[in-house]
Amino acid sequence: MKSAYDISLCLVGLVMFIIDTYICDEYYFVKKKGGVLKHIQLFSLHRKIRKLLNNSKHIITICQELQDAYAREFNAPITTIMTGSNYPIAKTVEEKKEVNSISYLGNIRCNRFNSLAEIGQALDKLNTELGSDYKLKIYTSENNEEILDKLRVAKSIELCGFIVGDEFKRTLDSADLLLHTEAFDEESIDYVKHSVSTKIADSLGSGVCLLAYGPSNVASMQHLIRNGCALIATSKEELPLMLGKAFTDMQTIKGVAFMGLNTAKEFHDCLKTSQQLHLIMESIHESIANK
């Protein structure tokens, strides 16, 4: 008769580890920079990521650009499942007779404050030309005065406090316009080139028109451009036209907001993305069991 110890060994021998890897942030295709220790750290990280992905039955990425990059490097099947919205997707777009402000909710680091300052300065110029008083409201927990001073240069920028929970949701839903932005410097682009912020999912699902200002070669901007779900400016020169439409063309912002809802339903519905993930894992486990 086998002992409990022998039975345990038999069971351990039957165990099969199945790895499904979900990649939400990018640490593999980043440019090498820094000193020797940084290079050693990155080399070690690359080696561990390669080992993990070479042993993965399926790789899931947060955006199409990340899928394309990893598909060129690894042989495992790859699927994109984008981040779901934290909130229920709005049923329809609220009709607006006029808009007076843009709301930005999120991190202003990674040099995003430079892009925000450029929007503020373009808005100052528009206000001078039209005799208007349009505002860019920035909701942030930032307390670095050097960064905040760069934003205070624009008269149209209103620095608001950090908000969370119900207040965040109320501010999101009641905004005239929402904003996503990224910085244009090379280091910042490298850092965010394969990232799509959760705030994009929340914004698209709110039914409020989204504005986007950033370089065209980062994943977040590509997602918005591909789906026509935001008013876009990919250079400083394009800002005046984009802002002019945002504040004066109600039909355009209504159409863009509808496209935002459609995009949210297709890519950012939590129930839909959860079911998609479940189906992938279920199919992997079934294929293993049938072998």
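What covers the buried residues of helix H6? The close-ups below begin there, and every one of them shows a predicted model.

**Figure 1. Helix H6 has a buried side and an exposed side.** Helix H6 runs over residues 165-174, and its buried residues are Phe168, Thr171 and Leu172. These three span an arc of only 100° around the axis, which means that they sit on the same side of H6. Their cover includes three strands, E4 (101-105), E5 (135-139) and E7 (177-181), along with helix H8 (198-204). Turn to the other side of H6 and you will find Asp166, Arg170 and Ser174, which are exposed.

**Figure 2. Tyrosine 87 stacks with phenylalanine 168 of H6.** This view stays with one of the buried residues of H6, Phe168. The structure holds eight aromatic pairs. One of them joins tyrosine 87 and phenylalanine 168, whose rings are stacked at 6.3 Å centre to centre with 25° between the planes. Tyrosine 87 belongs to the loop between strand E3 (78-80) and E4, while phenylalanine 168 belongs to helix H6, so the pair ties together parts that are 81 residues apart in sequence. The two partners also differ in burial: tyrosine 87 is partly exposed, with a relative accessible area of 22%, whereas phenylalanine 168 is buried at 9%.

**Figure 3. Four aromatic residues gather in one cluster.** The members to look for are Tyr28, Phe29, Tyr70 and Phe74. Tyr70 falls within helix H3, which covers residues 64-71.

**Figure 4. A salt bridge links helix H9 to helix H3.** Side chains of opposite charge can pair when their charged atoms come close. How many salt bridges does the count come to? The total is ten. In the one shown here, the side chains of arginine 226 and glutamate 65 meet at 2.7 Å, N to O. Arginine 226 is part of helix H9 (residues 219-227) and glutamate 65 is part of helix H3 (residues 64-71), so this pair ties together parts that are 161 residues apart in sequence. Is glutamate 65 buried or exposed? Glutamate 65 is buried, with a relative accessible area of 16%, because the cut-off for buried is under 20%. Arginine 226, by contrast, is partly exposed at 44%.

**Figure 5. Helix H5 carries a salt bridge between aspartate 149 and arginine 152.** Here the side chains of aspartate 149 and arginine 152 meet at 2.7 Å, N to O. The two residues are three apart in helix H5 (residues 145-152), which means that about one helical turn separates them. Aspartate 149 is partly exposed, with 43% relative accessibility, and arginine 152 is partly exposed with a relative accessible area of 43%. Look for Glu145 as well: salt bridges that share partners join Glu145, Asp149 and Arg152 into one network.

**Figure 6. Lysine 193 and aspartate 190 form a buried salt bridge.** The closest N and O atoms of lysine 193 and aspartate 190 are 3.1 Å apart. Where the bridge of Figure 5 has partly exposed partners, lysine 193 and aspartate 190 are both buried. Aspartate 190 falls within helix H7 (186-192), an element that returns in Figure 8.

**Figure 7. Two neighbouring loop residues have positive phi angles.** Cysteine 110 has a positive phi of about 55°, and asparagine 111 has one of about 65°. Neither cysteine 110 nor asparagine 111 is a glycine. Cysteine 110 sits in the loop between E4 and helix H4 (112-130), and asparagine 111 lies in that loop too. Cysteine 110 counts as partly exposed at 25% relative accessibility, as does asparagine 111 at 25%.

**Figure 8. The largest pocket is lined by 41 residues.** Rolling a probe the size of a water molecule over the atoms shows where empty space is left. The largest pocket holds about 950 Å³ of space. Which residues lie nearest its centre? They are Asp25, Cys110, Tyr191, Val192 and Ser195, and Cys110 is already familiar as one of the residues with a positive phi. Helix H2 (36-54), E4, E7, helix H7 (186-192) and H8 each supply at least two residues of the lining. H7 gives the largest share, five residues. Three of these elements, E4, E7 and H8, may also be recognised from Figure 1, where they help to cover the buried residues of H6.

Definitions and conventions:
Residues are numbered from 1 along each chain as its sequence is written. This is a predicted model: local features need pLDDT of at least 70, side-chain atom pairs count only at pLDDT 80 or more; totals for chains, interfaces and linings use all residues. Side-chain values use heavy atoms; hydrogens and water are left out. A salt bridge is a side-chain nitrogen of Lys or Arg within 4 Å of a carboxyl oxygen of Asp or Glu. Helices (H or I, at least four residues) and strands (E, at least two) are DSSP runs, numbered from the N terminus. Buried means under 20% relative accessible area, exposed over 50%, partly exposed in between (1.4 Å probe, protein chains only). The arc is that of the directions from the helix axis to the C-beta atoms. Contact means heavy atoms within 4.5 Å. Rings of Phe, Tyr and Trp (its six-membered ring) pair if their centres lie within 6.5 Å; planes under 30 degrees apart count as stacked, over 60 as edge-to-face and the rest as tilted. On a 1 Å grid over the protein atoms alone, a cavity is a set of points where a 1.4 Å probe fits but cannot get out, and a pocket is an open set with protein on both sides within 12 Å along at least five of seven lines; lining residues have an atom within 4 Å of a point. Grid points are joined across faces, edges and corners, and a volume is the space filled by probe spheres set on the points.
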